[in-house]
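Please look over the fold shown below, with attention to how its parts pack together. A few questions and answers follow.

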Amino acid sequence: MSEVTIAVQRCIDRINAGDSDVRDELIGIAFERLQRIAKKMKNGYDRVGRWEQTDDIVQNASMRLFESLKHVKIVDSRHFYRLAALQIRRELIDLCRHYHGRHGLGANHQTQMHAAADNTVAPPLHEVGQNSDDPQHMQQWSEFHESVDQLPENEREVFEMLWYHELPQEEVAKIVGLSVRQVKRIWRSAKLRLHDQLVGELE
């Protein structure tokens, strides 16, 4: 196991032994990993970037995770990785709906013009809000994360660890108790299923 996974498991053991203060430490261990995930996912959220910074996304996802840790008994690192992926996925989906739904802020926002020194109308300070129904942008990202939720359990688990957490296939195999060959097969099946779902919806 990697040093990160070992550290996560140690924190979980302490939490289950009654040391609730270690929740902050567990979130801290996951913070860097969550930040990388948020940056990767936010690349497709072009207009969200006008209101939300990556650190804000990570902070909100971390708060979701912290609240979950209060109510869910984490069994092991496997359980924690899945819970962390779920919370950051929910955060990005909520951002998408908030800013880019039919009535979302990003769909309807338009920065007002401001007067220049010569009383002519100056260019807008920010770009004008655009149509949010472009399937190549926000709608497609939302559908992607929602489709991940609908994957069969074994495919969703492997996909979460490989895509959201960027764990090596060898480590995922150890965590879930499968061979590397089985993990590769499940990973390929999940990607094909997502491709079929997303491409099929757009055709």
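**Helices and their core**

Just after α8, Gly177 takes a positive phi of about 75°. This is a predicted model, in which local features need pLDDT of at least 70, side-chain atom pairs count only at pLDDT 80 or more, and totals for chains, interfaces and linings use all residues. Residues are numbered from 1 along each chain as its sequence is written, and side-chain values use heavy atoms, with hydrogens and water left out.

Q: How many helices and how many strands are there in the chain?
A: Helices (H or I, at least four residues) and strands (E, at least two) are DSSP runs, numbered from the N terminus. From that end on, the elements run α-α-α-α-α-α-α-α-α. The chain therefore counts nine helices and zero strands.

Q: Which element gives the most to the largest nonpolar core?
A: A nonpolar core is a set of buried Ala, Val, Leu, Ile, Met, Phe, Trp, Tyr and Cys residues joined through side-chain atoms within 4.5 Å, where buried means under 20% relative accessible area with a 1.4 Å probe, protein chains only. The largest such core has 44 residues, and the elements that give two or more residues to this core include α1 (3-16), α4 (77-100) and α9 (180-202). The element that gives the most, with eight residues, is α4.

Q: Which residues is Phe80 in contact with, leaving aside its neighbours within four places in sequence?
A: Phe80 is among the residues with the most contacts inside the largest core. Contact means heavy atoms within 4.5 Å. With neighbours within four places in sequence left aside, the partners of Phe80 are Val8, Ile12, Leu26, Ala30, Leu65, Leu69 and Ile74.

Key
Buried means under 20% relative accessible area, exposed over 50%, partly exposed in between (1.4 Å probe, protein chains only).
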